[in-house]
Amino acid sequence: MNTRKQEATLERLAARHGKRLFRAMARHESRGLTMDRAQDMAMNLMMKDEDLRYRMLRFVDVYPALRSQASIAEHLEEYLTAGELETGVPPTRLSDLARSIGRHRGITQPAIAMASRLGIKQMGNQFIAGNTPGEVARKVSKMEKRGFLFSLDLLGEFVVSESQADDYQRRYLEMIEDFEDELGPAPKQPAAGPRMNLSIKLSSQTSKFDPMDPEGTSRDVRRRLRPLFRAARKKGAFLNIDMEKREFRDLTLRIILDLLDEEEFRGFPHIGTVHQAYLRDAEEVLQGFLAELSKRNQPMTIRLVKGAYWDSEQIWARQKGWQVPVYTDKRETDACFERCAEILMKNHKVVRTAIASHNVRSIAWALALKKAYDVPDTALEFQMLFGMAGPIKETLRDMGHPVRIYTPCGELIPGMSYLVRRILENTSNESFLRQRFTKGASPMTLLANPKLPPRPEWAKPANMGKGAVK
Ligand SMILES: Cc1cc2nc3c(=O)[nH]c(=O)nc-3n(C[C@H](O)[C@H](O)[C@H](O)COP(=O)(O)OP(=O)(O)OC[C@H]3O[C@@H](n4cnc5c(N)ncnc54)[C@H](O)[C@@H]3O)c2cc1C
């Protein structure tokens, strides 16, 4: 626990870093209209119109199941023209317009189907790097030339058959063995471990990922992981185990430790996992996991995130009548992220930290901790998602920090749940990106300490517009 004086020093440092980041970001924000920016504008449109957002998300959700042009057009029309949604979100002029387009009989079904396919493909292009290895390698090469690192993610999760799990394992293996050759010679980059970095979801490695059967699940998953880890050791690649829904967390951590307890993988340094700060027990679980790593003298990188399943965790728990496992006040998640970041940085001799956030306050706090705890450059990196937060990525890179871009690849249909999560995240009222880029919240507001109660309206300084930070 920090003393008040230490807390105040950290807070001052975080504010200074935050202001500096906002000032530097302005340079990247003011560039002309690019394809990325046009896509951002489409996303902004959805952010501004809650009714349209719900209608489009419902459509994107059922889209993979629609087989014919007629059924695509029927569903789109039904979702757009439905008068009232259960959400009670009032319709706006834009969704009125969309509904009237849906009702317009002159538009033929193939035209509607083609337009929606194109729209979804366009959204996919924003968040997914490509389908073929060549396509992905071209994008990754460009990112590398611009000074970024990468982590590949093969889209798809929750396999339903063992042959599907075999197929994922084979494709992961091919990526570890061949992808670097597709890329060509490595440019000079900050020291942040192996060039090849792959993110894996364990639910893709067995059709029976069952928290009620930890032994059996661990056995099945490790059987498929072993060849991947052997290949990674041989090729010098880094493997990150992503974190999925809450129900899978403890078993995921257990499988990682079970694998590292096997003689041949003991001490393997190029491994990482993820910690989700939106979970109410995040700090306790993090401390417990670090203790296990210390006991084994096992190096690891921990990617700290807030958590991508916030909507579904709540719905799921409420349906079951269970206590909601995630914080329901955004400031509490942000505050927990900061406390977890501090736990990680204090333990920089045990773990490397990857701060995975697009939120300038969370990033500024991490930079303050780096200074306060004298964390070496090699023990901290920043990570962001492909297709998001361009100005923040570029700013951190310009400042000399390692920035890794999480790069999903593969087909759009298996990637649909990833796409829905990104749309939810980007258009959520509470998200940092929406507050900053759509609502124009001031840097002062966005840099506020989430560990303190919010300032009452009357105490807020007047005229704190976008340019208030000097
Ligand atoms: C490189 C990278 C890898 C990632 N890997 C994973 C992964 O393996 N597993 C995973 O789960 N996520 C992962 N994520 C996603 C991550 O969890 C966040 O969803 C995302 O980055 C948004 O957080 P932020 O700090 O950028 O934005 P912010 O806008 O500051 O935070 C948004 C987040 O706050 C939380 N939140 C929103 N509303 C509320 C509320 N009312 N009450 C409480 N909390 C709320 C949610 O977690 C939401 O995603 C990854 C993100 C990145 C950048």
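The questions and answers below concern the helices, strands and ligand shell of a predicted model.

User: How many residues surround the ligand, and which elements give two or more residues to the shell?
Analyst: The closest residues to the ligand are Val305, Ala308, Thr333, Ser357 and Asn359, and by class the shell has 13 nonpolar, 11 polar and 8 charged residues. The number of residues surrounding the ligand is 32. The elements that give two or more of them are strand E4 (271-276), strand E5 (300-305), helix H13 (330-346) and strand E7 (380-385).

User: Is strand E6 covered on one face or on both?
Analyst: In a regular strand, side chains alternate between the two faces of the sheet. For E6, residues 351-356, 6 of 6 residues are buried. On one side these are Val351, Thr353 and Ile355, and on the other Arg352, Ala354 and Ala356, so that the strand, with side chains alternating as described, is covered on both faces.

User: In which sense does E6 pair with E5 and with E7, and which residue in E7 is the bridge partner of Thr353?
Analyst: E5 and E6 pair in the parallel sense over 5 bridges, and Leu304 stands opposite Ile355 of E6. The pairing of E6 with E7 is likewise parallel, over 4 bridges. Within E7, the partner of Thr353 is Leu380.

User: Where is the kink in helix H8 centred?
Analyst: Helix H8, residues 162-183, has 22 residues and reaches 31 Å from its first C-alpha to its last, close to the 32 Å expected at 1.5 Å a residue. Just after the helix, Gly184 takes a positive phi of about 80°. The kink within H8 is of about 45° and is centred on Glu177.

User: Which elements do the buried residues of H8 pack against?
Analyst: The buried residues of H8 are Ala165, Tyr168, Gln169, Tyr172, Met175, Ile176 and Phe179. These buried residues pack against two helices and two strands, namely helix H7 (133-145), strand E1 (149-154), strand E2 (197-200) and helix H9 (214-235).

User: Why does the span of helix H1 agree with expectation, and which helices are among those covering its buried residues?
Analyst: The 26 residues of H1 (residues 4-29) should span 38 Å at 1.5 Å a residue, and the span agrees because the end C-alpha atoms are 36 Å apart. Buried in H1 are Leu10, Ala14, Ala15, His17, Gly18, Leu21, Phe22 and Met25. What covers these buried residues includes helix H14 (360-372), helix H15 (390-398) and helix H18 (443-446).

Note on methods
Residues numbered from 1 in each chain as written. Predicted model: local features only at pLDDT ≥ 70, side-chain atom pairs only at ≥ 80, totals over all residues. Near = placed C-beta within 6 Å. Nonpolar A, V, L, I, M, F, W, Y, C, P; charged D, E, K, R; others polar. Expected span 1.5 Å × (residues − 1). Bend = angle between axes of the 7 residues up to and from the residue. Buried ≥ 20, exposed ≤ 12 C-beta atoms within 10 Å, placed from the backbone. Contact = placed C-beta atoms within 7 Å. Pairing = 2+ DSSP bridges.
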